[in-house]
Every structure is written in structure tokens, then in C-alpha cells.
Amino acid sequence: MSTNVTETTVNTSVVVEAPIERAFKVFTEDFGSFKPPDHNMLGVEIAETVFEPRVGGSLYDRGVDGSVCRWARVLAYEPPNRVVLSWDISPQWQIETDLDKTSEWEVRFVAETAERTRVELEHRNLERHDEGWQGLRDGVAGDAGWPLYLQRYADLFA
């Protein structure tokens, strides 16, 4: 796995031993299986994390009490090559309702062989989050951010 941080972008990638179609399917259909359960803004335990597989869909957590936290919107959905989502979380780690203050993250799936796929995640436009955006950048780039998500994702194929 590798991670590269620039001023306003975080890039990280991992290689999984899986065909591109399976790598894409696991990422989108099983997002909740590798999202850390303590990454939770609901206030109750997460019952499930749902990735709606279509442009205009959402990525959200549903609590055990039925409450819902929609924290990303699906901006592009192009199986098995890429997906782009918004990051609707503020630098204070709360839901951001001002869409002008949201960034986006793109996940690209690149077949290295018939049975190996490189998964590249780029979280960009972080400066849109306004005051405190650097802390958000450091959070998603850090050990508990995208590198952790991609490692947990890769572990599903081990």
C-alpha cells in the first residue's frame, strides 16, 4: 500500500488478489465490512452501512435504532472501473449540509492481471471544506483514515 499527500489531495492505493469485477463489487457492496465500526456519527451502534449503487445514491450508516447518517453522495458509478463520491463530513467530523463545502473521493480499479487489481483512492478538493480543512486532510491521510480502510478492504481478499 502507498499513500501520497499533497496540499489539497490525498492519494492512496492497494493491490488485491482478485479480478477487477470482484474488487469493484466487494468495495461497493461490502463497504460496511471494512469500514471501522467506530467511525460513526450516529450516537448509536451501526446496524449496517449501505452503498446505493447508482449516480444520485448515497453512502450511509443505519443505526440499530433505525436512524440514518448519509455521509456521502454517489457522483459517478462506472462498474468495474471507478466510482466517485462526495465527502459530506466537515472538519469537525459532523455532517456538512453546505454542498459547496464538500470534497470528493474517487476510487479507480485497474486490472494488473486477470486475477490482480490495483485500487487507487484519490480524495481531492479538500480545501472546499473551508476553515480547518487541513485537519480533515490529515485525518483522512492518517493511520485511521483511508490507509486503514484500504488495508481492511485488502484483508478481505487474504
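The following dialogue examines aromatic contacts, a pocket, strand pairing and unusual backbone geometry in a predicted model.

Student: How many aromatic pairs does a search of the whole structure find, and what class is the pair of Phe27 and Phe34?

Tutor: The search of the whole structure yields 19 aromatic pairs. For Phe27 and Phe34, the ring centres are 5.3 Å apart and the planes meet at 45°. Planes under 30 degrees apart count as stacked and those over 60 as edge-to-face, so the class of this pair is tilted.

Student: Are Phe27 and Phe34 buried or exposed?

Tutor: The term buried applies under 20% relative accessible area, and exposed applies over 50%. Phe27 and Phe34 are both classed as buried.

Student: What class of pair do the rings of Trp87 and Trp146 form?

Tutor: The centres of the Trp87 and Trp146 rings lie 5.6 Å apart, and their planes are at 65°. An angle over 60 degrees is required for one of the classes. The pair of Trp87 and Trp146 is therefore edge-to-face.

Student: How many residues apart in sequence are the parts that the pair of Trp87 and Trp146 ties together?

Tutor: Trp87 belongs to strand β6 (residues 82-87), while Trp146 belongs to helix α4 (residues 146-155). Trp87 has 6% relative accessibility and counts as buried, and Trp146, at 3%, also counts as buried. Because one ring is in the strand and the other in the helix, the pair links parts whose separation in sequence is 59 residues.

Student: Which residue lies over the face of Tyr60?

Tutor: The contact is described by a distance of 4.4 Å from the ring centre of Tyr60. The residue over that face is Arg70.

Student: Which residues lie nearest the centre of the largest pocket?

Tutor: The largest pocket has a volume of about 260 Å³. Its lining comprises 9 nonpolar, 4 polar and 2 charged residues, and α3 (133-141) and α4 each contribute at least two residues to that lining. Of the 15 lining residues, those nearest the centre are His39, Trp87, Ile89, Trp93 and Tyr149.

Student: In which sense do β6 and β7 pair, and which residue is the bridge partner of Ser86?

Tutor: Strand β7 spans residues 103-113 and pairs with β6 over 6 bridges, in the antiparallel sense. The bridge partner of Ser86 is in β7, and that partner is Glu104.

Student: Through how many residues does a hairpin join β7 to β8?

Tutor: Strands β7 and β8 (residues 116-124) run antiparallel and are joined by 9 bridges. Val110 stands opposite Arg118 of β8. The hairpin joins β7 to β8 through 2 residues.

Student: What is the omega of the cis peptide bond that joins Pro79 and Pro80?

Tutor: Most peptide bonds are trans. Pro80 is located in the loop between β5 (68-78) and β6. The bond joining Pro79 and Pro80 is cis, with an omega of about 0°.

Student: Is Trp93 buried, partly exposed or exposed?

Tutor: Trp93 is in the loop between β6 and β7 and, although not a glycine, has a positive phi of about 60°. Its relative accessible area is 37%. Since that value falls between the limits of 20% and 50%, Trp93 is partly exposed.

Student: Is Asn125 buried or exposed?

Tutor: Asn125 lies in the loop between β8 and α3, and its phi is positive, near 65°. Its relative accessibility is 19%. Because the limit is under 20%, Asn125 counts as buried.

Note on methods
Residues are numbered from 1 along each chain as its sequence is written. This is a predicted model: local features need pLDDT of at least 70, side-chain atom pairs count only at pLDDT 80 or more; totals for chains, interfaces and linings use all residues. Side-chain values use heavy atoms; hydrogens and water are left out. Rings of Phe, Tyr and Trp (its six-membered ring) pair if their centres lie within 6.5 Å; planes under 30 degrees apart count as stacked, over 60 as edge-to-face and the rest as tilted. Buried means under 20% relative accessible area, exposed over 50%, partly exposed in between (1.4 Å probe, protein chains only). Helices (H or I, at least four residues) and strands (E, at least two) are DSSP runs, numbered from the N terminus. A charge sits over a ring if NZ of Lys or CZ of Arg is within 6 Å of the ring centre and within 35 degrees of the ring normal. On a 1 Å grid over the protein atoms alone, a cavity is a set of points where a 1.4 Å probe fits but cannot get out, and a pocket is an open set with protein on both sides within 12 Å along at least five of seven lines; lining residues have an atom within 4 Å of a point. Grid points are joined across faces, edges and corners, and a volume is the space filled by probe spheres set on the points. Ala, Val, Leu, Ile, Met, Phe, Trp, Tyr, Cys and Pro count as nonpolar, Asp, Glu, Lys and Arg as charged, and the others, Gly among them, as polar. Two strands pair if DSSP finds at least two bridges between them.
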